[in-house]
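This report describes the nonpolar cores, the disulfide links and several local backbone features of one protein chain. The sequence and the structure are shown first.

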Amino acid sequence: MVLLGALLLLASCGEQETETDVIDAGDGGASTCDPLEQTGCAKGRCTWLNAQDRPPLGLVTCASNGSLARGAACTAPPAGPMGYDDCVRGSICVAGTCRAICSVRAPSCDAGRACVTSADVFTDLPAVGTCEP
């Protein structure tokens with residue numbers, strides 16, 4: 001818990017928008033960050049911050065919008081306070097490719113893709129996954 005608190009404190013430094021509002025199923029107020037709807041961030045995107053590799057630990061947070069389109073080659077971010085990728089809003093870097101974020105409850109993936117969860121991203125949101133071939 002101390003590590004997570006320290007990461008949140010470090011994430012608040014720098015040029016990037018780094019609100020650390022974790023998804024909250026409560027009142028749906030402006031302080032929630034929803035990676036499926038891409039809401040709750042004043043600017044940028046709602047994404048996964050890779051705080052630690054093993055065991056996987058991270059959080060849903062706001063970050064500046066990336067420049068890599070869905071389907072583009074990407075590099076998984078290193079763990080730490082700036083541990084988010086450079087994919088565009090609504091996507092995340094998984095297995096070297098920017099993939100669309102989706103819900104396994106109501107998949108919205110393109111034809112030939114399925115919404116799949118991962119043990120490494122959105123670990124605290126079991127219904128959130130990525131569109132995989």
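## Basis of the description

A residue is called buried when its relative accessible area is under 20%, and exposed when that area is over 50%, with partly exposed in between. The model is a predicted one. By this cut-off F122, at 2% relative accessibility, counts as buried.

## The nonpolar cores

The largest nonpolar core comprises 13 residues. Within this core, the residues with the most contacts are C33, W48, V60, I92 and F122. Three elements give two or more residues to it, namely β1 (45–52), β2 (57–63) and β3 (91–94). Another core lies apart from this one and has five residues, among them C102, C109, C115 and C131. In soluble globular proteins, nonpolar side chains tend to be buried together.

The surroundings of W48 can be set out in sequence order, leaving aside its neighbours within four places. W48 is in contact with L57, G58, L59 and V60, and also with G83, Y84 and I92. Its remaining contacts are D120, V121, F122, T123 and D124. V60, I92 and F122, which W48 touches, are also listed with W48 among the residues with the most contacts inside the largest core.

## Disulfide pairing

The number of disulfides in the model is six. A disulfide is a covalent bond between the sulfur atoms of two cysteines. When the bonded cysteines of the protein are numbered in sequence order, the pairing reads 1-3, 2-4, 5-7, 6-8, 9-11, 10-12. Three of these links are described below.

## Three disulfides in detail

C41 is joined to C62 with an S to S distance of 2.0 Å. The torsion about this S-S bond is about -90 degrees, so the disulfide of C41 and C62 is left-handed. C41 lies in the loop between α1 (2–11) and β1, whereas C62 belongs to strand β2; the pair therefore ties together parts that are 21 residues apart in sequence. Both C41 and C62 are buried.

In the link of C87 and C98, the sulfur atoms are 2.1 Å apart. This link is left-handed, with -85 degrees about the S-S bond. Because C87 lies in the loop between β2 and β3 and C98 in strand β4 (residues 97–103), the pair ties together parts that are 11 residues apart in sequence. C87 counts as buried at 0% relative accessibility, and C98 is buried with a relative accessible area of 2%. The disulfide of C102 and C115 also has its sulfur atoms 2.1 Å apart. Its torsion of about 100 degrees about the S-S bond means that the disulfide is right-handed. C102 is in strand β4 and C115 in strand β5 (residues 114–116), so this pair ties together parts that are 13 residues apart in sequence. C102 is buried, its relative accessible area being 1%, while C115 counts as buried at 15% relative accessibility. C102 and C115 are also among the members of the five-residue core.

## The buried aspartate D85

D85 is placed in the loop between β2 and β3. At 6% relative accessibility, D85 counts as buried. The side chain of D85 reaches the backbone nitrogen of C93 at 2.7 Å. Not counting residues up to four places away in sequence, D85 touches R45, P77, S91, I92 and C93. I92 thus appears in the contacts of D85 and in those of W48.

## Backbone features

The peptide bond from R54 to P55 is cis, and its omega is near -10 degrees. P55 is located in the loop between β1 and β2.

Positive phi values are found at Q38 and at F122. Q38 is not a glycine, yet its phi is positive, at about 55 degrees. Q38 lies in the loop between α1 and β1 and is buried, with a relative accessible area of 11%. F122 is likewise not a glycine and has a positive phi of about 50 degrees. F122 is placed in the loop between β5 and β6 (128–132). This buried phenylalanine is one of the residues with the most contacts inside the largest nonpolar core, and W48 is in contact with F122.

Technical notes
Residues are numbered from 1 along each chain as its sequence is written. This is a predicted model: local features need pLDDT of at least 70, side-chain atom pairs count only at pLDDT 80 or more; totals for chains, interfaces and linings use all residues. Side-chain values use heavy atoms; hydrogens and water are left out. A nonpolar core is a set of buried Ala, Val, Leu, Ile, Met, Phe, Trp, Tyr and Cys residues joined through side-chain atoms within 4.5 Å. Buried means under 20% relative accessible area, exposed over 50%, partly exposed in between (1.4 Å probe, protein chains only). Helices (H or I, at least four residues) and strands (E, at least two) are DSSP runs, numbered from the N terminus. Contact means heavy atoms within 4.5 Å. A disulfide is a pair of cysteine sulfur atoms within 2.5 Å. A polar contact is a pair of N or O atoms within 3.5 Å; within protein, one must be able to donate a hydrogen and the other to accept it, and residues adjacent in sequence count only if both atoms are side-chain atoms.
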